[in-house]
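Grab a pencil and get ready to work through a few exercises. Try each task yourself before you read the solution.

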Amino acid sequence: MTYATRSDMGVKGTHTPKPQTLAQKLIAKSAGVDTVSTGDIVTARVDLAMFHDSSGPRRLKPMLDSLGAKIWDTSKVVLVLDHYVPASDAQSKQIVQITRDTAKEWRLKNVIDSEGICHVVLPERGHLKPGMFCVGGDSHSPTGGAFGTYMFGIGATEMLGVIVTGEIWVQVPQTLFMNWSGQLSRGVCAKDMMLHMIARLGMNGGAYQAVEFVGPAVRALSMQERMTLSNMSAELGSQVGLIAPDQITIDYLRNTRADLTDEWCGQALAHWYSDPESQGVRYEFDASTLSPQVAAPHSPANSAPIESYGRERFNVAYIGACTGAKLEDLRAAAKILKGRKVASGLKLLVAPASAREQQVAKEEGVIKCLEDAGATLLANSCGACAGYGFNFQEHDRVISSTARNFKARMGPASVDVFLASAYTVAASALKGELCDPREYL
Amino acid sequence: MSALKNANDASSASSASSSKATTTTNPASKVWRLPKDIDTDNLAPGAYMKLPVSEIAKHTLESIRQEFASSVKAGDVIVAGPNFGIGSSREQAAGVLVELGVLAVIAPSFSGLFFRNAFNLGLLLLTCEHAELIEEGEHILIKQETKDDPLLGKHHHFWLECEKQKNLQCSSIPDFLMQMIEHGGLMNVLKSKISKASTSLL
């Protein structure tokens, strides 16, 4: 680790405001103070709490009832049904029923039912914006960081504490700046950047500190690609994965909500970034030399450039999850698959991350490209990635655009899952074996 | 690095710290030794997540240590390599260990999310740089001292006395987290806060 060479240039004896990282500014706002220091433990006011059918009502309701307590502010709660839908068996049906019944009983205002995965539908419906402090009952909640939101995952009991008190403790983290210079090549994307970072730092290399993605190659990414970076901060083991808002963020937000004034946007851009003199650890990466990355079983940290692999045969290719089946991922796969057919004996499964995005993909002709190539479309839910319902079969060899390839996560322990981008999954589906997508671009 | 950046150095350097009596948390506990990178699917496999914790617990660690769930005894401890608890936010990954009576998990580092979940459910985690020196089947004592520090406030200092290793230092734990262990989790802390609040209104 190398510490930032930038030091506090404030002249001694004069009052200069304490330089703050983006993470520090977000925490300070939520704690109602001007500045915070790394290591401080503070109580933050929560602007939004998101939970889903697995972590939500089925676990929260019995605890809330036994406390005899009420939800602090139902307008700040978003419930998403995405893990056990479509319900495939009696237990799943029961969980989904409890979730729907409880949503009515609690009079929740924001319920998104079977229309996509929480981390994708939350920003899609305009729930996130820069400056907010949010928690989610799911480990991929750092996805919200792409919008300049301090958002992290918590378990159900801690969520109970949040919905009763509206508050949560947080220790002010150090910031690890991931600085990406250069420009990505064709067929290389945010997923490859992330697998590379996880291989370099390890699955807990983020040490529950704040990661902030910076540099020209990050600035060049669309919002959806930025969400992939922030999403897989979970696999880096950081608490959050932040990206300071810019015009790309503002343009996305204005498409999702009508209430953002020019003045608000100007203020957001003028405040939510890391002060140049703020302290942190800096890691340097070059996007120009990055190849497509592939993670071998059974850890995302087992990632290496695609060139370093020998022949790896697959019988399933999976494009799914909040990590790897957003609109941009579907478009990427379509670029590769257009006018081609998947290898015989291989199943290509696509579970678009949101119903709205699937509709856009349909209008663009992207869905037709996928289906013509032989893809089977699955529901807009977590599907095989969560391993809660639909799973892979004994001895399947899978290449997947999802986030985790832990042993026995997506099916029996005999299943081998390789992780890669939607480009690489699509190219490998055509060959029936690991294939560099640049061959088709 | 500890999931909670801790204050061991600061506490031992602070001459103003006042120490209270040393206590031993446990009769000697038997060690189950596990490798690094134990993930939440090892602890609470996704296929059983529909079930109550008591049922998931029967499958704890079955993908790597099949006899664990049926053989572990109340009061045993897990000693593991770095990055214990990586993966999902599912708190059942900590809940199954509470269900099986595991007294504490000791490792050089934990997933931050798992760390929070464990304390919220009343499971003690000790961050111990040299945990991997401890061997399978050893019996260890967990020693504890409460300290008051003008900067850090009240916190709890832990160390381990093992058969082969003496005085293995652990990161200290702030008092508000130890309250969760002492009360058996956040639920009970909230219960006592709510009952205090309603008593004070009467």
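Below are six exercises, each followed by a worked solution.

Two notes before you start. This is a predicted model: local features need pLDDT of at least 70, side-chain atom pairs count only at pLDDT 80 or more, and totals for chains, interfaces and linings use all residues. Residues are numbered from 1 along each chain as its sequence is written, while chains are lettered from A and ligands numbered from 1 in the order in which they are written.

**Exercise 1. The two chains meet**

Task: find how many residues of chain A are in contact with chain B, and which helix of chain A gives the most.

Step 1. Start with the rule: two residues are in contact if their C-beta atoms, placed from the backbone, lie within 7 Å. By that rule, 39 residues of chain A touch 35 residues of chain B.

Step 2. Next, look for helices and strands, which are DSSP runs numbered from the N terminus (helices: H or I, at least four residues; strands: E, at least two). On the side of chain A that touches chain B, α2 (57-67), α3 (90-105) and α5 (156-165) of chain A each supply at least two residues. The most comes from α5(A), with five residues.

Step 3. Now sort by class. Ala, Val, Leu, Ile, Met, Phe, Trp, Tyr, Cys and Pro count as nonpolar, Asp, Glu, Lys and Arg as charged, and the others, Gly among them, as polar. That side of chain A then has 16 nonpolar, 18 polar and five charged residues.

**Exercise 2. Is α5(A) covered up or out in the open?**

Task: count the buried residues of α5(A) and name them.

Step 1. Use these cut-offs: a residue is buried if 20 or more other C-beta atoms lie within 10 Å of its own, exposed if 12 or fewer, and partly exposed in between, with C-beta atoms placed from the backbone.

Step 2. Eight of the 10 residues of α5(A) pass as buried, so this helix is largely enclosed by the rest of the structure. They are A156(A), T157(A), E158(A), M159(A), L160(A), G161(A), V162(A) and I163(A).

Step 3. Keep going just past the helix, and you reach G166(A), with a positive phi of about 75 degrees.

**Exercise 3. Two helices packed together**

Task: describe how α2(A) packs against α5(A).

Step 1. Two packed helices are described by the angle between their axes and the distance between the axes. Axes are lines fitted to C-alpha atoms, for helices over the stretch in contact, and angles run from 0 to 180 degrees between N-to-C directions.

Step 2. For α2(A) and α5(A), the angle is about 50 degrees and the axes are 10 Å apart. That makes α2(A) oblique to α5(A). Here is the scale: under 35 degrees is roughly parallel, over 145 roughly antiparallel, 65 to 115 roughly perpendicular, and the rest oblique.

Step 3. Who touches whom? R59(A), L60(A), M63(A), L64(A) and L67(A) in α2(A) meet A156(A), T157(A), M159(A), L160(A), I163(A) and V164(A) in α5(A). The residues of this contact divide into nine nonpolar, one polar and one charged.

**Exercise 4. A strand with neighbours**

Task: find what pairs with β2(A), and say whether its faces are covered or open.

Step 1. Two strands pair if DSSP finds at least two bridges between them. Strand β2 (residues 48-52) of chain A has three bridges to β5 (residues 133-136) of chain A, running parallel, and four to β3 (residues 77-81) of chain A, also parallel.

Step 2. Check the partners: A49(A) stands opposite V135(A) in β5(A), and M50(A) stands opposite V78(A) in β3(A).

Step 3. In a regular strand the side chains alternate between the two faces of the sheet. In β2(A), L48(A), M50(A) and H52(A) are on one side and A49(A) and F51(A) on the other, and all are buried.

**Exercise 5. Reading a sheet**

Task: give the strand order of the open sheet of four strands in chain A, and its edges.

Step 1. The order is β10-β9-β8-β11 (chain A), with parallel pairing.

Step 2. The edge strands, each pairing on one side only, are β10 (240-242) and β11 (281-286) of chain A.

Step 3. Inside the sheet, five bridges join β8 (residues 175-181) to β9 (residues 210-214) of chain A.

**Exercise 6. Unusual backbone spots**

Task: where do A408(A) and N167(B) sit, and is each buried or exposed?

Step 1. A408(A) has a positive phi of about 65 degrees although it is not a glycine. It lies in the loop between β17 (397-400) and β18 (416-419) of chain A. With 22 C-beta neighbours inside 10 Å, A408(A) counts as buried.

Step 2. N167(B) has a positive phi near 60 degrees and sits in the loop between β7 (153-161) and β8 (168-169) of chain B. With 9 other C-beta atoms within 10 Å, N167(B) is exposed.
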